[in-house]
Amino acid sequence: MPELDVSTTVNGRPVEMRLPTRLTLADFVRDRLGLTGTKVSCGMQVCGACTVLVDGDPVSACSYLACDVDGREVLTVEGLADGGELTPVQRAFVDCSALQCGFCTPGFVMAATALLRDEPHPTEEQIAHHLDGNLCRCTGYLPIVEAVLKASRAGGIDE
Amino acid sequence: MLPPFELRRPVSLAAAVDLVATGGTPYCGGTELLAVMRLGLASPETLVDLKRVPELVGITAAHGEIRLGARVTHREAAASDAVRTHAAILAAGAGLLGNVRVRATGTLAGNVCFAEPRSDILTALLALDASVDLRSADGARSVPIEDFVEGAFTTVRADEELLEAIRVPARSGPSAYVRFAPAEHPTVTVAVVATGDGCRVVVGAVGERPELFTFPGTGDVDPTAIAERVDITEDLNGHEDYKRHLTAVFVGRALEQMGVADA
């Protein structure tokens with residue numbers, strides 16, 4: 001099985017491993033690193049449940065080669081809260097009840113984090129466009145949009 | 001699970017072209033390729049990752065045209081001042097397609113080579129009369145987009161050729177891009193570009209490939225006539241009658257967006 005040496009940073013921690021070329025980023029973080037906050041649902045980069053950030057950009061970890069994070073930085077949902085202290089995005093999702101079953105939530109939180117990094121004060125329309133590729137079957141989306149607005153008012157991605 | 005493959009990571013265009021010439025499959029964002037590999041529709045032995053090839057990076061505007069290297073992502077194109085100014089409908093299509101993750105990783109070059117019938121990029125590029133530069137170990141050639149795409153998922157690119165860049169004539173005249181996308185892929189895409197010597201209307205997504213209609217001027221564009229003539233493929237996005245109706249409606253909306261009276 002073809003493999004490559006990969007040197008990356010995951011949630012601020014250096015990781016060096018030899019990985020099969022066909023391993024996806026989702027399987028890498030979940031199975032090799034035990035970071036199971038990243039969920040896999042459609043496996044076709046349509047639903048957004050597996051959204052993680054690579055060098056700050058949102059990607060579908062289900063359809064992204066683990067070898068492609070060589071030399072780059074990965075941020076998963078586990079890398080957000082600092083010592084149990086939720087980020088404004090996470091706090092707003094809780095406060096606005098922007099989740100029910102929670103399966104899509106890590107993907108939404110990562111996508112929202114990426115949005116607020118680029119656009120600290122997005123309009124509702126910008127939020128809807130940015131989150132268009134993340135599916136939630138519980139909330140009806142309005143609490144999610146409200147949560148992103150609230151996080152934006154609360155200082156975006158930082159405290 | 002993806003099928004097994006070798007992953008090669010060349011750091012020069014010459015090395016990338018050599019690897020493609022010897023049977024490697026060009027790979028960059030992977031948004032289309034990895035999906036078909038997962039579905040078992042393709043199992044290339046070797047992927048040639050283009051993400052470290054410096055010659056394929058960036059957007060440049062010079063000599064009346066915009067050049068987009070093969071590594072340019074949809075997000076880069078949508079945010080580019082040069083593209084927004086001189087190829088506004090391409091920026092519009094690139095900013096709307098897929099989702100934020102696809103736009104962050106997928107490339108225009110990959111999109112064009114995949115030739116998905118519902119490609120926003122192909123609709124915009126055909127309206128803009130763009131062309132693609134292909135390079136192989138034996139030489140290079142340039143092909144207009146109109147001739148590049150032969151049909152659904154088929155292009156004239158030979159296996160040993162690498163798409164090096166997309167070139168778009170710089171245009172600052174009136175243009176419009178509209179689409180109807182109730183799901184991941186659009187049901188119809190319409191691009192209209194007024195050029196110095198006429199008006200180019202492209203209807204995409206309803207058939208096997210985007211189709212070009214030309215008129216002497218924007219005032220001559222007849223949405224109903226286009227809807228009657230366009231090639232339609234019936235699929236899960238709709239029956240023929242529905243797609244013809246949508247075509248007329250969205251050509252009309254594109255003309256409205258351009259401020260054409262009586263649209």
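The exercises below work through the domain and chain interfaces of a predicted model.

**Exercise 1. The two domains of chain B**

Task: Find where domain 1 and domain 2 of chain B lie in the sequence, and state what area is buried between them.

Solution:
- Start with the bounds. The assignment gives domain 1 of chain B as 6-49 + 56-169, and domain 2 as 175-257.
- Place the two bodies. Their C-alpha centres are 23 Å apart.
- Count the contacts. Domain 1 of chain B brings 24 residues, and domain 2 of chain B brings 23.
- Take the area. About 1900 Å² is buried between the two domains, with 57% from carbon and sulfur atoms.
- Add the polar side. The interface of these two domains holds 2 salt bridges. Residue pairs in polar contact number 9 here.
- Now locate the surface on domain 1 of chain B. At least two residues each come from α5 (88-96), α8 (120-127) and β8 (149-151). The most come from α8(B), with 6 residues.
- Finish with the classes. This side of domain 1 of chain B has 13 nonpolar, 5 polar and 6 charged residues.

**Exercise 2. Helix α8 of chain B**

Task: Decide whether the residues of α8(B) are buried or exposed, and describe what lies at the ends of the helix.

Solution:
- Apply the cut-off: a residue is buried when its relative accessible area is under 20%.
- Go through the helix. B:Asp120, B:Ile121, B:Leu122, B:Thr123, B:Ala124, B:Leu125, B:Leu126 and B:Ala127 are buried.
- Draw the conclusion. With 8 of the 8 residues buried, α8(B) is largely enclosed by the rest of the structure.
- Look at the N-terminal end. B:Ser119 caps it, with a side-chain oxygen 3.2 Å from the backbone nitrogen of B:Ile121.
- Look past the other end. Just after α8(B), B:Asp129 has a positive phi of about 60°.

**Exercise 3. B:Asp120 and its partners**

Task: Work out which residues B:Asp120 touches, and which side chain it meets in a salt bridge.

Solution:
- Place the residue. B:Asp120 belongs to helix α8 of chain B.
- Check the accessibility. B:Asp120 has a relative accessible area of 3%, so it is buried.
- List the contacts, leaving out residues up to four places away in sequence. B:Asp120 touches B:Gly93, B:Leu97, B:Tyr177, B:Arg179, B:Pro186 and B:Thr189.
- Pick out the salt bridge. The side chain of B:Asp120 pairs with that of B:Arg179, at 2.8 Å from N to O.
- Pick out a polar contact. The side chains of B:Asp120 and B:Tyr177 are 2.6 Å apart in this contact.

**Exercise 4. Chain A against chain B**

Task: Describe the interface of chain A and chain B by residues in contact, buried area and salt bridges.

Solution:
- Count the residues. Chain A contributes 30 to the contact and chain B contributes 28.
- Take the area. The two chains bury about 2500 Å² between them, and 54% of it is on carbon and sulfur atoms.
- Find the main losers of area in chain A. A:Arg22, A:Gln45 and A:Leu65 lose the most to chain B, together 24% of what that side buries.
- Count the charged pairs. There are 4 salt bridges across this interface. One of them joins B:Arg75 and A:Asp57 through their side chains, at 2.7 Å from N to O.
- Count the polar pairs. Between chain A and chain B, 16 residue pairs are in polar contact.
- Map the chain A side. Two or more residues each come from β1 (3-10), β4 (57-60) and α4 (124-130). The largest share is that of β4(A), with 4 residues.
- Sort the chain A side by class. It has 12 nonpolar, 12 polar and 6 charged residues.

**Exercise 5. The two domains of chain A**

Task: State how many salt bridges cross between the domains of chain A, and give the makeup of the domain 1 side.

Solution:
- Set the bounds. Domain 1 of chain A covers 3-79, and domain 2 covers 88-153.
- Place them. Their C-alpha centres lie 21 Å apart.
- Count the contacts. They join 15 residues of domain 1 of chain A to 12 residues of domain 2.
- Take the area. About 1100 Å² is buried here, with carbon and sulfur atoms giving 68%.
- Check the charges. The number of salt bridges is 0. Polar contacts link 2 residue pairs across this interface.
- Sort the residues. The side of domain 1 of chain A that touches domain 2 has 8 nonpolar, 6 polar and 1 charged.

Technical notes: Residues are numbered from 1 along each chain as its sequence is written. Chains are lettered from A and ligands numbered from 1 in the order in which they are written. This is a predicted model: local features need pLDDT of at least 70, side-chain atom pairs count only at pLDDT 80 or more; totals for chains, interfaces and linings use all residues. Side-chain values use heavy atoms; hydrogens and water are left out. Domain bounds come from an automatic or database domain assignment. Contact means heavy atoms within 4.5 Å. Buried area is the accessible area (1.4 Å probe) that two parts lose on being put together, summed over both. A polar contact is a pair of N or O atoms within 3.5 Å; within protein, one must be able to donate a hydrogen and the other to accept it, and residues adjacent in sequence count only if both atoms are side-chain atoms. Ala, Val, Leu, Ile, Met, Phe, Trp, Tyr, Cys and Pro count as nonpolar, Asp, Glu, Lys and Arg as charged, and the others, Gly among them, as polar. Buried means under 20% relative accessible area, exposed over 50%, partly exposed in between (1.4 Å probe, protein chains only).
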